[in-house]
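Trainee: I would like to test the labels on this model. Please hold each one to its cut-off.

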Amino acid sequence: MALPGVSRLDEEARLFADLYGPLRRFAAVVGPIEVDPDDLLQEAVAQVLRRRRLTQLDEPGAYLRRTMVNLASNHRRRFARRRRALGRLSAVSRPAVDAYPSDLADLLRLTPKERAVLYLTEVEGYRYAEVGRMLGCSEAAARKRAGRARRRLYAALVGEVTDG
């Protein structure tokens, strides 16, 4: 329902302006390194707007976050297939690990959903029930995914300490 004197386009623009900053940060966390966060956000918004207006959604921020996680997962699979194909084509074998590994590389080994859960709980301060609603899973699934991600990060970091 439009406010008196405010067009639907103005409502959409205002809503998107309010959501843009947090959604852009979220895109930077969940998206593959090969995809610019603005491109991931734009792709998600375009996909959502093909179906309905943002003002028609009950929770537009959650809906857009879920869409970005799904798109990031698709991109991740596509880039993994491309890397495997290029590896088979390459006659010269290159090490798969950076010469100077970083914590960012460890985070990028997590799935987009795992990064999303950690970001939303640890950085944004959401509760697991809220994260579950945003990402389309149960509170228990969000907790389990976060625990799994933390264990994977811990194992990667401990491995660096003992290997180096």
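Mentor: Start with what a helix is here: a DSSP run of H or I, at least four residues, numbered from the N terminus. Val-117 is found in one of them, helix α5. Keep in mind that this is a predicted model.

Trainee: What is the overall pattern of the protein chain along the sequence?

Mentor: Read along the sequence, the chain goes α-α-α-α-α-α-α. That is seven helices and zero strands. Of its 164 residues, 34% count as buried.

Trainee: Why is Val-117 called buried?

Mentor: Buried means under 20% relative accessible area. Val-117 has 0%, so the label is buried. Val-117 also sits 7.2 Å from Arg-145, C-alpha to C-alpha, although 28 residues separate the two in sequence.

Trainee: And Leu-120, buried or exposed?

Mentor: Leu-120 lies in helix α5 too. Its relative accessibility is 0%, so Leu-120 counts as buried. Leu-120 and Glu-130 are 10 residues apart in sequence and 9.1 Å apart between C-alpha atoms.

Trainee: Why are α5 and α6 called oblique?

Mentor: Two packed helices are described by the angle between their axes and the distance between the axes. For helix α5 (residues 112–123) and helix α6 (residues 128–135), the angle is about 140° and the axes are 10 Å apart. Roughly antiparallel needs an angle over 145 degrees, and roughly perpendicular runs from 65 to 115. The value of about 140° fits neither class, so the pair is oblique. The crossing of α5 past α6 is right-handed.

Trainee: What makes α1 and α5 oblique?

Mentor: Helix α1 (residues 8–30) packs on α5 at about 135°, with axes 8 Å apart. That angle is not over 145 degrees and lies outside 65 to 115, so this pair is oblique. α1 passes α5 in a right-handed crossing.

Trainee: How do you know that Arg-152 and Glu-114 form a salt bridge?

Mentor: The test is a side-chain nitrogen of Lys or Arg within 4 Å of a carboxyl oxygen of Asp or Glu. Here the closest N and O atoms are 2.7 Å apart, and the pair passes. The bridge links distant parts of the chain: Arg-152 is in helix α7 (residues 139–163), Glu-114 in helix α5, 38 residues apart. Glu-114 has a relative accessible area of 3%, so Glu-114 is buried. Arg-152, at 35%, is partly exposed.

Trainee: How many salt bridges does the whole structure hold?

Mentor: The search finds four. Another of them joins Arg-150 and Glu-122, at 2.3 Å from N to O. Arg-150 lies in helix α7 and Glu-122 in helix α5, so the pair ties together parts 28 residues apart in sequence.

Trainee: Why is Glu-122 called exposed?

Mentor: Exposed means over 50%. Glu-122 has 51%, so the label is exposed. Arg-150 has 32% and counts as partly exposed.

Trainee: Where do Arg-143 and Glu-139 lie?

Mentor: Both lie in helix α7, four residues apart, about one turn of the helix. Their side chains meet in a salt bridge, 3.3 Å from N to O. Arg-143, at 45%, is partly exposed. Glu-139, at 37%, is partly exposed.

Trainee: Last one: which residues make the nonpolar surface patch?

Mentor: Ile-33, Leu-104 and Leu-107 make a patch of about 280 Å². Members need over 30% relative accessible area. Leu-107, in helix α4 (residues 103–108), has 34% and is partly exposed.

Notes:
Residues numbered from 1 in each chain as written. Predicted model: local features only at pLDDT ≥ 70, side-chain atom pairs only at ≥ 80, totals over all residues. Heavy atoms only, no water. Patch = residues over 30% accessible without salt bridge, like charges linked within 9 Å, V, L, I, M, F, W, Y side chains within 5 Å. Areas by Shrake-Rupley, 256 points an atom, 1.4 Å probe, with all protein chains shown as cover. Helix = DSSP H or I, 4+ residues; strand = E, 2+ residues; numbered from the N terminus. Buried < 20%, exposed > 50% of the residue type's maximum accessible area, 1.4 Å probe, protein only. Axes fitted to C-alpha atoms, helices over the stretch in contact; angles between N-to-C directions. Parallel < 35°, antiparallel > 145°, perpendicular 65-115°, else oblique. Left-handed = near helix turned anticlockwise from the far one by under 90°.
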